[in-house]
Structures are given as structure tokens and as C-alpha cells.
Amino acid sequence: MRKEVIGTNQLFAMIILFELGTAIVVPIGLESGHAVWLSILLALPGGVLLYLVYHDLSRQYPGLIISGYTRKILGRTIGWPLSLLYIPVFMFNGSRNLREAGDLLIAASYDRTPVFIINAIMVIAVMYILNKGLEVFARTAEIYLAVIFVLGFICSFVVIAAGLVDFKNLFPLHAADWRQAFRSAYPNIWIFPFGELVCITTVLPHLKESRLSGKTGVGAIVLSGILLCVTHAIEMSVLGEDVYHRATFPMYTTITLVNLANFIQRLDALVILTLIIGVFFKMTLYCYAAIAVTADLFKVQDTRKLAVPVGVVVLFSSFISAENYPRHMEEGGVFLRYILPVLCAVIPILLFIVHRIRKRFGLLR
Amino acid sequence: MKGKRLLLTVFCMLAVMLLTSCWNSRELNEMAIVTGMGIDKAPDKDEYRVTFQIVNPSSTATSMGASTGQPTITVYSATDRTLFGALRKTSKKAARQLFFAHTQLVVIGEDMARSGIDDIFDVFERSHELRLNATVLVSRGDDANSIMKILLPIESLPAMGLVKKVRNTAAIWGENRDITIFELINGITGEGEVVISGIRVIGDKEEGKKKANLEQTEVKAIPAISGLGVFKKGKLVTWLEGSEAKGVLWVQNKIDQTTVNIDTEGSEASVAVDINYSKTAINVELREGVPVFHVHIQEEGKISETRGFMDLSNGDEIAKLEEQLAKQTKEAAIRSIQAAQRLESDIFDFGNELKRLRPKEWEAVKEDWSSLFAQGKLDVRVEAHIRGTGMRLKPYLQNKDESN
């Protein structure tokens, strides 16, 4: 089979859409009070460093995805089971995104549509695009990046033009706020959304000009970090700390408050669209990563065959995993604290260190 | 091959059914569009009596031919322990399901307001249909139910008409303001207290319900915006009127445009100044445990009318008027703050400001903030500027001293 190749622009678009994904609509960094925007900025350098670790590992082992070089670095006996861990985590995370999107859509507008139908329609789209392959996915990302930018621009413009932004809700920052912001930046925001980029390691080997992956990726992460920061700052400044933290969907609440000249109002559809687009790309990339790791570990030749099984597992685990939204959020807290950091940060950094040591002492086979 | 094509056809058909995505659909002719809600206490029970003002679509049509002679709105009400329960219970009376995305006005009955409003707004936050930017008013001396029933001249939908009234007076007169549910929720969760504009029916409210009432030049019942209701711990305690209400908005930095009649040497309140820019900065600090409220008002306006002779071409005269304007503004601001201090109700967000700027000091005083607020010292500074005198400099009246 021909190797699928993507361009740097496409990688750029994929990373941005993945980062924005759900992080732009749900409240993040719950412990940081009104300084949530600051914690995003604080977490950004960490996110960039983490990406550089992924990037370096992929440059050292060209053509291999995370499960490939894990086995090379740690040996087959440790590397294989360790890589196996990534499959359920990728799928579970994908299913969590799906669940969030489904629940928010139901809360925000589809109040009488069963969650199964909404999730199933989204999963069908994901399975379809995975069946078409990575190149198609990457091209779609390129197009939707423009769409997201336009939506984001319109939404921020109307919110600012409607005079809803109140900087009093963002400032001043006291020493206690800085401490709080730092606590919620590491590890929470560092891992979600920046650390989640560990999935991109399954895409990096497909990059046409692999030497540019560092620059492109860092650029995309910095830009998405800034976009996240601005968006959450706007949401916080409009809603105030109390409403922001109680809202399940702060971006939606923000946009419903817009009333520009009694004429431009009810722009909720734009936010719903942003949510659906973001979740679609995030979930697809998770599923793609799960498929790629599975194919690599079990030596499946035609990866497209795995699209349907992975999609079905994601769909069902999206609503089996939690009986209601509050439970889902609780689970998310545990997952974010104990499981994701291990897979997103600890293992890659460990691999990086082990690799360096072996290279230094010439232990590389 | 044939089987595959058949399968594809079936799949496409199924997809077509899904793609219309009409699972959640509600057609326009199955909806009753609610423009306003009135919330009262049910008599003798701890329940809400909720009144819904619903658009009557056939009589609001713009083409004259379709007019049915019915009034533009109709009103349903229901009582229940929860607002949501009441709005669903209304289905017994209404032929169509109520639709709330266009609700622009919520009127709270005075009895309800006096017994506490803190717990009524949850449904507005939780629902995706109800809007947080609906305007809230308190019906003064009356229940909300009767306000919702009154038809207005000029405005075909009374709820919209009332919203426009409060916005209109807020924009150019400045004793009231358009307060939304969102602001109220932020006020309730914050450290301060809230104010809500009042609405009062002038005239015969029974006549106001009839469409025939509109067929005359002076209607028998007219709802008018009246007073600013001050709340304490979620309960309405008093109404502020006139310059006190204006002073409240001045300190809250909510004055958009207003008019002040200022005194001159000879006569009282004889020069009308149209204030078209006003900005207020507040700062709070603790001095030996007692809060000091720094209020700094900057205002600009132009002279719109004068009742006697005054040489307005003379810059010194203008400076005198500016001084007088600043003095009167300061008095209004101080009177309103003192009124709030008497009630121990921090409606100016001074507490929030202290918490925001000096969180450590706030921790020490938050327990007995309302009594400390009442003891707080005032430091009000006003900078007033008069930038113009309109189309004339000197008035046409002659200076009596010169003509003698």
C-alpha cells in the first residue's frame, strides 16, 4: 500500500483543531478562579516542551509511531504491553469527547433527541472519514480551520461589539491568583488540552517534510494556546467568575447574551457549529491514533478495516462510561489526574531520557 | 452487484430520513410564543403564580386584511411550587406548547419581591430556551398578573413595549435602568445587593385589558416606569425616587444621558443641562477598619434651556454653572449613598470592589460588611464640564439690569 503523506499546512490545521476541540467550549482549569486565561498561558510553555519531546522521538525513529519506538527503546517485553495501554486510553478519551459533545448539544438545543442518535451520527461521520484515510482527514482539517477562524472571529467580534466585555472580571491578579493559576496549569491544563497531543505522534511519520514538524507543531500549539487564552478570557470577562464556573457550556451562555442593536442576537448556532467541528476533529484524531497503534501492534495491514470497530467501541463507551453528566465530569477529573499524565507526559519523557542515555553510552542496537 | 446496489439504495433512504434531523422539530403553528412572564406569590400558599403573555399571531399580522378583532396578546396563568412546573401546567389551558426563546420581560409582583426573589432565577439559567438577557421589573403596588394584561397604544406587544419604555427612560432620563436576569444573578451571587426598576399602572387597570381602551387618544390605563426598588438580602425594602434614584445610577456608572436643572443665583433650578457623557470610578479602602468609599464622577453636558437672562457667551458664567452642576451631582450621589447606608444595603458593589482589589482586607470585614457599609465614609469628587450652549450664546431675554 502507498504511504499516506500530509503537508505541513495540514498538520498545522490538525493540531489547532485538535487543541481547540472541546477545550474551547467547556470550562477548563476549574481551580484557577478568574485567572483561567493566565493558567492557559502558563501551561503553554510546558505544552510546547512536551511537543518537542514527541517531535524529537519521531525524528530519531523516522517512520515509526509511538508504539514503534517504545518497543525499540524499551525492548519488546516492556514496550509492547506499554504501547498496548495507549489503545484503550485513546478510545476512551475519544468517547469522552463524544459524550461531552452529545450532552452539551442536548442541553443546549436538542432536548428531545436521544443521546444515542446524536452520538451515532457523529460517529458515523468519523468512521466515514477514517475509512477514507488520513489524507482526506488532513485536507478536511485544512478547510475547517478556515471555517473555525471565521466563526471565532464573528463570535468574538459580536461579543466585544455588544459591549459585554468587562475587564474587572479579569483583573487584578494578586499573588494568590498567580499561585492558583499555576496550580491549575500544572498538571491540569498542561495535560488537557496540550498533553493530549500525544496522539499526533501517530501522524508525524506521515509528514512529507518531517524536518519541519518541529516548527509547524510549535507554531500551531502557540497559536492555539493564544486562541484558547483569548476565548476563555472573553468568556470569563463576560460571565464573571461565578457563572463561568457553574456553566456547563460557558461559550454558549456568553453568546446568548449578545444583543447588538436589537438585531444581531441568538447566534447560538455558531457556537454549536464550533462545538461540533472541534469535537469531530478531536475525536477523529483519537480514533485514528487508536487505529494506528492497534495496526502497528497487531500487524494489521489494512488499517481502514479498523475504522468501524473502533468507532463502534467509542460510540458505546461514550454512554456506558457514565450514567449522567456530573458523573462524567467526576470521572474526567480522576482520569485527568491519574491516567492521562502517565501516558501523555511520563511515558514519552521516560522514553526520551532512556533514548538519550542509550545513545550516549552507545547501547543502541 | 445488484444486491449491492439495492443495499446502497436502502442505505441512502435511511440516510435521507436522518438528514432532515427533525427529531426535535417544532413547527411555528404548534408554538405559543411567550413575550413576557409575570411572577407572583400565590395567595395563602407557598407557591408561584406565573402569568404568561402570549402573542396572538393572527392579530399581529401586518396586513390589515387578516385582522380578526382579537387583542394582540392573550394571558394564561398557573400556580405551582416551581416555575417550571407552572409553565408546564399551563398546557392545560393553552392549545399550543409555550415557547420561551422570545421572552423579553419578567415582571415580579411587589409581594413576591418583598418576600424574596433570590430563589426564582435558577430556571432561567438552566433552561436553554429562556434568555438571560430578559429585562426584570417589579410591579409596584400591584401584582405582576395585572401588569401582564394591560394593552399598550403604539406598541402592539405590551411586553416589548414595557421593555422599550424602561430602555428609553434609562437612556435619556436616568432614574431607572434596564436590569437583566443575568445582572441580577451576578448581583445575588456577589457581595452586594441589587436594585430593580419599578412599574406602576396609572389609571384603571380593568379598562386597560380591553382592546376598546386603545380606541381613544388618552388611554385609561398606562403602565409607567416608577422608582428604583432597593433590595436587601433578596427582599425588596424600599423604593428610591427622583434624584436619589438618579444618584444611585450615577454612582453605579450607569448614567447614559440625563438632564439636571441647576440653580442660579436668582432662581432655583432654572438652567437645564443635558448631560451626555458621564463616567464614574469607584474605589474602596479600609482605614482603621472603617471603609472609605471614593467616588469619582466625570460628566459633560450642554446647556439646553435657560429661564432667565444669563450671559452664556461669557466663559466665567459657564464656569460658575459647571461648579453648580458639580455641586448638585455630588449632593445627589451623597444622598443616594446615605439612603443605601440607612438601609444597610450595599447596592453600589462597594463590597465586590473591595474583595476584588484587596481580597485579604475583605476577608477580615466580610462577616459584618453590611453594618460596616452603613458606617462607611464618603469621598465624592465630581468634575463637571459644560461643553456647549446649543444654537445660541446669549438668550433672547434682555438683561434687566442693563435695560434699566
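The largest cavity in this structure has a volume of about 130 Å³. I begin there, and I should say at once that the model before you is a predicted one.

Which residues lie nearest the centre of that largest cavity? They are A:Asn259, A:Gln265, A:Arg266, B:Gln104 and B:Asn133, out of a lining of 15 residues. By residue class, the lining of this cavity comprises nine polar, three nonpolar and three charged residues.

How many cavities of 30 Å³ or more does a search of the whole structure find? The search finds two. As a general remark, rolling a probe the size of a water molecule over the atoms shows where empty space is left.

The second largest cavity holds about 30 Å³ of space. Its lining consists of A:Leu17, A:Leu20, A:Gly21, A:Ile24, A:Ile148, A:Thr274 and A:Gly278. Two elements of chain A, helix H1 (8–20) and helix H11 (268–298), each give two or more residues to this lining. In terms of class, four of the lining residues are nonpolar and three are polar, with no charged residue.

Let me turn to the interface between the two chains. The size of an interface is often given as the accessible area lost when the parts come together. For chain A and chain B, the buried area is about 2,200 Å², and carbon and sulfur atoms give 48% of it. In terms of residues, 27 from chain A are in contact with 23 from chain B.

What polar and charged pairings does the interface contain? Between chain A and chain B the count is three salt bridges. B:Arg131 forms a salt bridge with A:Asp268, and the closest N and O atoms of that pair are 3.2 Å apart. In addition, ten residue pairs in polar contact are found across the interface of chain A and chain B, with both residues of each pair at pLDDT 80 or more.

Which helices of chain A each supply at least two residues to the side that touches chain B? They are helix H5 (86–108), helix H9 (213–246) and helix H10 (250–256). Of the elements of chain A, H9 gives the most to this side, with five residues. The side of chain A that touches chain B divides into 13 nonpolar, seven polar and seven charged residues.

I close with some points of backbone geometry, which you may wish to locate on the structure. Chain A has a cis peptide bond joining A:Phe171 and A:Pro172, with omega about -10 degrees. A:Pro172 is found in the loop between helix H7 (134–161) and helix H8 (175–194) of chain A. The peptide bond from A:Phe192 to A:Pro193 is also cis, with omega near 10 degrees. A:Pro193, for its part, is found in helix H8 of chain A.

In chain B, the residue to look at is B:Asp44. Although B:Asp44 is not a glycine, its phi is positive, at about 60 degrees. Where is B:Asp44 found? B:Asp44 is in the loop between strand E1 (31–41) and strand E2 (48–55) of chain B.

Methods. Residues are numbered from 1 along each chain as its sequence is written. Chains are lettered from A and ligands numbered from 1 in the order in which they are written. This is a predicted model: local features need pLDDT of at least 70, side-chain atom pairs count only at pLDDT 80 or more; totals for chains, interfaces and linings use all residues. Side-chain values use heavy atoms; hydrogens and water are left out. Contact means heavy atoms within 4.5 Å. Buried area is the accessible area (1.4 Å probe) that two parts lose on being put together, summed over both. A salt bridge is a side-chain nitrogen of Lys or Arg within 4 Å of a carboxyl oxygen of Asp or Glu. A polar contact is a pair of N or O atoms within 3.5 Å; within protein, one must be able to donate a hydrogen and the other to accept it, and residues adjacent in sequence count only if both atoms are side-chain atoms. Helices (H or I, at least four residues) and strands (E, at least two) are DSSP runs, numbered from the N terminus. Ala, Val, Leu, Ile, Met, Phe, Trp, Tyr, Cys and Pro count as nonpolar, Asp, Glu, Lys and Arg as charged, and the others, Gly among them, as polar. On a 1 Å grid over the protein atoms alone, a cavity is a set of points where a 1.4 Å probe fits but cannot get out, and a pocket is an open set with protein on both sides within 12 Å along at least five of seven lines; lining residues have an atom within 4 Å of a point. Grid points are joined across faces, edges and corners, and a volume is the space filled by probe spheres set on the points.
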